[in-house]
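User: I should like to go through this model and ask, for each term applied to it, on what grounds the term is used. Please set the values against the criteria as we proceed.

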Amino acid sequence: MLRAVEALQQRIFANQKIEVVWNSVLKEIVGKDKVKAIKILNLQTNQEDIIECEGVFVFVGFVPNTDFVKNVVSLDKNGYINVDDKMATTAKGIFACGDCRQTYLRQIVTACGDGALAAFSAGQYVADLKGTVYRQ
Ligand SMILES: Cc1cc2nc3c(=O)[nH]c(=O)nc-3n(C[C@H](O)[C@H](O)[C@H](O)COP(=O)(O)OP(=O)(O)OC[C@H]3O[C@@H](n4cnc5c(N)ncnc54)[C@H](O)[C@@H]3O)c2cc1C
């Protein structure tokens, strides 16, 4: 089963140059000075196979780089920073935005929107401290 969005899955299955190898993990990249093949292991049958290729693109998922704030702000179980709708974290005066925060979609456009919100909220926070914040 793939986690990619349906539209991308359909494009993969329709592309005759792509062969999807199910239930398997990469065991070894074979080659000395350059890639010659990969060795894969089928986790259901325990069978190893060699696929000849000239390059490898490794994609292993996401680990948010939030370790340095783990004792400062609240993180979810995957390490993403919890924020409210103003991008405020659980620590006063600290705002988070983009891919590092807990969110439903991680794309450039959402990261930019988050950034605008976080910057505005941070400005409001400082103005609030100075007693100059404008309230509607
Ligand atoms: C393979 C791939 C393909 C993608 N394709 C698309 C696409 O087609 N369309 C789309 O909209 N989105 C795409 N995305 C998602 C998009 O790249 C992200 O949503 C977006 O870049 C998030 O922006 P960001 O500023 O939150 O994080 P990033 O772009 O990851 O920027 C974070 C920056 O912070 C720096 N940093 C990290 N830790 C520290 C630290 N401790 N101190 C200082 N600096 C630090 C990093 O080096 C980096 O420069 C793709 C992502 C990947 C991985």
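**Grounds for the terms used**

Analyst: N23 counts as exposed because 11 C-beta neighbours lie inside 10 Å, and the cut-off for exposed is 12 or fewer. The model is a predicted one. N23 is placed in the loop between α1 (6-14) and β1.

User: What makes the phi of N23 worth noting?

Analyst: N23 has a positive phi of about 55 degrees, although it is not a glycine. Most residues other than glycine have a negative phi.

User: Which other residue that is not a glycine has a positive phi, of about 70 degrees? Is that residue buried or exposed?

Analyst: The residue is M87, which has a positive phi of about 70 degrees although it is not a glycine. M87 is located in the loop between β3 and α2 (108-130). With 23 other C-beta atoms within 10 Å, M87 is buried, because the cut-off for buried is 20 or more.

User: Why is D67 called exposed?

Analyst: D67 has 10 other C-beta atoms within 10 Å and is therefore exposed, the limit being 12 or fewer. D67 lies in the loop between β3 and α2. Its C-alpha atom is separated by 7.7 Å from that of G79, twelve residues away along the chain.

User: How is A116 classed, buried or exposed, and on what count?

Analyst: A116 counts as exposed, with 11 C-beta neighbours inside 10 Å. A116 belongs to helix α2. From C-alpha to C-alpha, A116 and C97 are 8.8 Å apart in space and 19 residues apart in sequence.

User: What share of the protein is buried?

Analyst: Buried residues account for 9% of the 136 residues.

User: How do you know that the protein is more spread out than a compact globule?

Analyst: The secondary structure comes to two helices and three strands, which follow the pattern α-β-β-β-α along the sequence. The radius of gyration is 22 Å, whereas the globule rule gives 14 Å for 136 residues; the value is well over the rule, so the protein is more spread out than a compact globule. Along its principal axes, the C-alpha trace spans about 65 × 35 × 30 Å.

User: On what basis are two domains named, and how far apart are their centres?

Analyst: The domain assignment of the protein gives domain 1 (6-52) and domain 2 (67-130). The C-alpha centres of domain 1 and domain 2 lie 38 Å apart.

User: What makes β1 and β2 a pair of strands?

Analyst: Strand β1 (residues 24-30) and strand β2 (residues 37-42) are joined by six bridges and run antiparallel. They count as paired because at least two bridges are required. V30 has A37 in β2 as its bridge partner. Six residues lie between the strands of this hairpin, where G31 takes a positive phi near 140 degrees.

User: How many bridges support the pairing of β2 and β3?

Analyst: Five bridges support it, and the pairing is antiparallel; the criterion of at least two bridges is therefore met. I38 has I51 in β3 as its bridge partner. The hairpin of β2 and β3 has five residues between the strands, and N46 in the turn has a positive phi of about 65 degrees.

User: Why are β1 and β3 called edge strands?

Analyst: The three strands form an open sheet in the order β1-β2-β3, with antiparallel pairing. The edge strands are β1 and β3 (48-52), each of which pairs on one side only. On average, neighbouring strands of this sheet are turned by 30 degrees against each other, direction ignored.

User: Which residues surround the ligand, and how do they divide by character?

Analyst: The ligand is surrounded by N65, F68, G98, D99, R106, Q107, I108, V109 and A111. This shell divides into four nonpolar, three polar and two charged residues. Gly counts among the polar residues in this division, so G98 is placed in the polar group.

Methods. Residues are numbered from 1 along each chain as its sequence is written. This is a predicted model: local features need pLDDT of at least 70, side-chain atom pairs count only at pLDDT 80 or more; totals for chains, interfaces and linings use all residues. Domain bounds come from an automatic or database domain assignment. A residue is near a molecule or strand if its C-beta atom, placed from the backbone, lies within 6 Å of it. Helices (H or I, at least four residues) and strands (E, at least two) are DSSP runs, numbered from the N terminus. Axes are lines fitted to C-alpha atoms, for helices over the stretch in contact, and angles run from 0 to 180 degrees between N-to-C directions. The radius of gyration is taken over C-alpha atoms; the globule rule is 2.2 Å times the number of residues to the power 0.38.
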